[in-house]
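Subject: Structure handover and notes

Dear colleague,

I am passing on the structure we talked about. The sequence and coordinates come first, and my notes follow.

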Amino acid sequence: MSDYAVFSHPNFDADDYATAVLAGETYQPAAPATQLLPKGSKLDTLDKEDISVAISKLTFGAEDVSKQIKSLVTEHHEDLLAQAATAGPLSGLLGSARTGISDLEMSLDKLRSKIRVPYQSLNSNVGRLHKLQETSDLLRRTSRFVILARRLQGQMAEMDSPNIESSSSQDQQVKSPTSAHPDLEDEKERAIARAALSIAELVALLDGPPAPSNGRSTPQDSLHPTITPSSSTLSLRSITAVSFHVEFIEESRTRVTNEMQSMVFLGLANLDQSLLASSLQTAYNLRVLPELVQSLIVDISHAVEDGIKSAFDLSKISKDVLGRETPTHQQTNSIYKSRVRTEPTNMNAPQYTAALWSRLEYMISEMADCCVKVYTLEKVLKIKKDTVTQTPFLDEAMKALENKPSTTFWTSLGRALEKHARDAAKASTFLQQTLGSGYPKLLRLFHDFFGKIAVHTDTVYMQTHQSPETILVLRALSNFESGFLARSVNKLNESIAQSFAGGTRTPPSFNDAVNLTRNIANELDSARFDPLLIRSVAKNVSSALENLLGRAESNVVRDRSAVTLLGPTATAAQITNGALTVFMYQVYSRIEALSNEHPESVYVLIKPNVTAIYTFYEKLVDPVLVAIRRELGATIAKLHRIDFARPFDPLSGGGGSSFYMKDLVDKLSYVKAEILSKFNVGEPTQGWILSIVQYVIRTFVLHISIAKPLGESGKLQLTSDMTELEFALSAFIAQSGRGGSLDGLGDDYRALRAMRPLLFLENAQLASPKHTSGLPPLIVLHHILVRSPVQLPHEVHGWQEAEYVRWVSEHTEGEAWSLVESGLSRWEQINQENESEEALEYVRLARKVLENSQAAS
């Protein structure tokens with residue numbers, strides 16, 4: 001196939017090939033650079049050749065192609081015949097399709113002619129109709145305009161009526177809510193409102209306003225609902241009949257607007273809601289209500305801001321002070337004043353302070369007046385409604401406002417107050433110090449402000465509830481509040497530091513506690529009138545008490561010398577801890593008494609630290625009380641060293657107390673004189689004394705009930721010891737001149753008194769409740785076992801007497817009875833065969849006592 005490559009090339013051209021052969025040149029087909037023939041092809045190596053050679057090659061090639069065609073036809077003649085047979089029907093189908101297409105094109109031409117012509121005619125007629133509608137609308141608007149213009153002339157003439165004018169002049173002179181001509185005044189207001197409605201409709205007809213988006217319909221809208229948007233934009237000013245009235249309409253609009261503004265200002269000044277409602281109705285008819293309300297709110301906000309700025313302007317305060325001074329005083333101090341024009345001196349500082357508070361009072365008065373005006377305006381806007389749509393005027397005014405008028409006023413008031421108060425404090429040290437130290441007085445001025453506006457507004461500022469608006473305003477004064485609170489907490493911390501200035505050598509005293517708690521009470525009292533300020537002061541008190549706990553913790557002595565009772569005098573650690581205990585208790589008791597003077601919401605802020613002070617006080621006292629009980633118990637336990645079974649020796653003298661009792665009496669005297677006197681905190685100290693006495697009696701009764709063996713001389717000795725103990729406890733319980741009696745101890749003292757006859761009862765009487773009244777059953781059981789050969793409970797378990805007494809004090813009576821019963825059962829099992837009649841008698845007595853006690857319980 002390489003011989004025919006030149007002819008199969010896609011860019012082969014027969015004319016170019018023939019021309020190249022005749023010219024004797026090599027034929028190179030025109031091909032793109034990307035379509036190159038492969039190297040070594042016939043076309044690439046084609047040389048110049050003669051015409052005869054080229055013709056012979058072509059002839060040979062044509063014959064060769066004819067042979068190949070003939071061969072292919074011969075080989076596929078059946079398929080070719082079949083295709084030729086189907087070509088005839090296909091030709092008929094193509095002919096019928098061609099005829100249908102021709103018919104369809106003719107029908108389409110006819111249909112197009114039937115639609116296009118009527119459409120063009122209809123389009124032309126629609127355009128004419130549109131122009132007729134515009135013309136008709138212009139005529140209707142012109143007619144309506146002329147009618148309204150004549151009506152406006154009558155309404156303006158009505159406003160110019162002599163009766164109304166005279167009534168208006170009298171009202172302006174009297175300026176009282178009860179006018180002499182209320183009917184004429186109302187008639188004028190209605191005339192102005194009607195004129196405003198006519199003017200608004202005339203302006204709408206004159207300039208063709210856009211379609212209303214607020215749902216409010218005008219009279220011409222209800223009469224002509226088919227006005228197209230394009231016609232509503234056409235102006236009537238070019239019409240001669242209309243332009244004749246334009247100047248009058250503008251003058252009337254200006255006059256009605258001025259009258260409306262006068263009514264608004266007069267209504268706000270006198271808080272006349274009816275007059276204000278009429279003026280707002282006029283503004284609504286003029287369709288300027290949103291703009292009017294926005295302008296009023298902005299003007300009032302600016303007036304408040306100017307008043308606040310003037311109140312904190314030290315230059316104006318300086319002018320007020322200097323203006324009151326005499327010319328002589330001005331001449332003598334002219335040089336000094338030229339140097340310092342605003343900041344006060346030590347000589348005129350009181351005058352500056354008085355001028356500042358005077359300006360602040362005037363500022364509060366102006367703020368109250370403006371706030372009442374805003375709320376009155378908002379109240380009227382809520383009440384007044386559109387007569388057609390019943391839409392409140394407030395919703396209409398909100399189209400130009402981001403928030404309600406009252407919200408906007410409070411926001412601007414808080415922002416202005418915060419800005420000018422902060423700037424004034426930064427610019428003047430005098431203002432910062434005066435308003436910081438006098439913040440309660442400033443806060444009272446704002447309380448007066450809240451009280452003045454409470455009648456006209458819904459703001460509340462009480463102990464239980466504060467409106468968000470009031471909190472927003474007071475938050476603007478946070479700069480001065482921070483200064484006041486800083487001074488307050490510094491005063492408390494200085495008082496605490498002064499109390500602990502001596503360290504452990506000179507611990508804080510009772511007077512220090514009184515001074516500290518008095519300062520705390522004064523700080524809380526100074527802020528009691530304000531629910532927010534007193535909470536802040538209470539937080540400062542809480543932090544000061546936390547500081548107090550930290551300092552007290554560092555002064556506590558916790559070594560062994562703080563609880564030792566060796567005597568003969570109190571240790572330095574006990575003196576220090578005692579003074580600290582008295583100080584902390586006085587602080588706690590006096591602050592805890594403040595809970596009755598302040599609300600629970602305030603006291604709860606300092607209650608955690610007050611409780612922590614009491615816990616700290618208990619931690620100081622408890623180790624000392626534990627040491628006292630431990631020492632007294634150990635002294636009482638010495639009675640078991642005495643042999644109470646030895647026979648009575650008449651030569652010994654007898655009748656005296658035992659050595660352990662002498663030690664106990666000395667120890668009680670030492671505790672009272674040296675220890676408890678250092679921890680004297682009043683009523684709690686008396687409670688400690690009573691608890692110590694009860695502990696001594698219970699411990700002593702338990703110990704003497706298990707003293708074994710016990711003879712007659714031992715009983716007499718115990719009786720003498722009990723008498724000595726009563727005298728010692730009677731002297732111990734007396735406190736600070738107030739009489740004390742052991743009878744007030746109740747069952748414990750009755751048990752001590754009943755212990756004497758118990759020692760001398762017959763065995764049969766031991767189980768009788770009548771003879772053992774006043775004694776606990778356990779004591780009776782102990783005494784029965786002491787007389788019997790049966791072992792006592794502590795002997796059964798191998799305990800020391802002191803250990804058994806401690807076990808009894810830590811367990812219930814039922815558990816102690818069970819312990820005794822188990823000892824009896826054990827003794828019966830061990831001595832079942834050798835049990836004597838005497839032992840059985842004591843066992844029966846013990847079990848009877850157990851039965852009686854269990855039945856009684």
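Below is what was found in it, from the whole chain down to single residues.

The model is predicted, not experimental.

Overall make-up

The protein chain has 34 helices and zero strands. Of its 857 residues, 40% are buried. Among contacts with a separation of 6 or more, 77% join residues 24 or more positions apart. The exposed surface of the chain comes to about 46100 Å², and 54% of that is supplied by carbon and sulfur atoms.

Nonpolar cores

The largest nonpolar core holds 210 residues. Phe312, Leu360, Phe446, Phe449, Leu548, Met584 and Phe700 have the most contacts inside it. Helix H15 (residues 349-383) gives the largest share of this core, 17 residues. A second core, separate from that one, has six residues, including Val6, Tyr17, Val21 and Tyr27. In soluble globular proteins, nonpolar side chains tend to be buried together.

Two residues show what the packing looks like locally. Leaving aside neighbours within four places in sequence, Leu548 is in contact with Ile496, Phe500, Leu516, Phe583, Met584, Val587 and Ile613. Ile613 itself lies in helix H25 (residues 600-636) and is buried, with a relative accessible area of 0%. With residues up to four places away again not counted, Ile613 touches Leu545, Leu548, Leu549, Met584, Val587 and Tyr588. The C-alpha atom of Ile613 is 8.8 Å from that of Glu546, a residue 67 positions away along the chain.

Salt bridges

The count of salt bridges comes to 20. Three of them are described here.

Lys404 and Glu378 meet through their side chains at 3.8 Å, N to O. Lys404 lies in the loop between helix H16 (393-397) and helix H17 (405-427), and Glu378 lies in helix H15, so this pair ties together parts that are 26 residues apart in sequence. The two ends differ in exposure: Lys404 is partly exposed, with a relative accessible area of 35%, whereas Glu378 is buried, at 4%.

Arg750 forms a salt bridge with Asp747, and their closest N and O atoms are 2.2 Å apart. Both residues sit in helix H29 (residues 747-759), three residues apart, so about one helical turn separates them. Arg750 is partly exposed, with a relative accessible area of 45%, while Asp747 counts as exposed at 53%. Salt bridges that share partners also join Glu378, Lys382 and Lys404 into one network.

The third pair is Asp525 and Arg528, whose side chains meet in a salt bridge at 2.8 Å, N to O. Asp525 is partly exposed, at 35% relative accessibility, and Arg528 is partly exposed with a relative accessible area of 35%.

A buried arginine without a salt bridge

What does Arg787 contact, if it has no salt bridge? Arg787 lies in helix H30 (residues 777-787) and is buried. The nearest side chain of opposite charge belongs to Glu762, 6.2 Å away, while a salt bridge needs the nitrogen and oxygen within 4 Å. Polar partners are present, however. The side chain of Arg787 makes a polar contact with the side chain of Asn763 at 2.8 Å, and a polar atom of the Arg787 side chain lies 3.3 Å from the backbone oxygen of Leu758. Leaving aside neighbours within four places in sequence, the residues in contact with Arg787 are Lys715, Leu758, Leu759, Phe760, Leu761, Glu762, Asn763, Leu766 and Tyr842.

Backbone points to check on screen

Most residues other than glycine have a negative phi, and most peptide bonds are trans. Three places depart from this pattern.

- The peptide bond from Lys708 to Pro709 is cis, with omega near 0°. Pro709 lies in the loop between helix H27 (683-705) and helix H28 (712-733).
- Leu271 is not a glycine, yet has a positive phi of about 55°. Leu271 is in the loop between helix H9 (240-270) and helix H10 (273-285) and counts as partly exposed, at 32% relative accessibility.
- Gln390, also not a glycine, has a positive phi of about 60°. Gln390 is found in the loop between H15 and H16 and counts as partly exposed, at 47% relative accessibility.

Regards

Key: Residues numbered from 1 in each chain as written. Predicted model: local features only at pLDDT ≥ 70, side-chain atom pairs only at ≥ 80, totals over all residues. Heavy atoms only, no water. Helix = DSSP H or I, 4+ residues; strand = E, 2+ residues; numbered from the N terminus. Buried < 20%, exposed > 50% of the residue type's maximum accessible area, 1.4 Å probe, protein only. Lys, Arg positive; Asp, Glu negative; His and termini not counted. Polar contact = N/O pair within 3.5 Å; in protein donor to acceptor, adjacent residues only side chain to side chain. Contact = heavy atoms within 4.5 Å. Core = buried A, V, L, I, M, F, W, Y, C linked by side-chain atoms within 4.5 Å. Areas by Shrake-Rupley, 256 points an atom, 1.4 Å probe, with all protein chains shown as cover.
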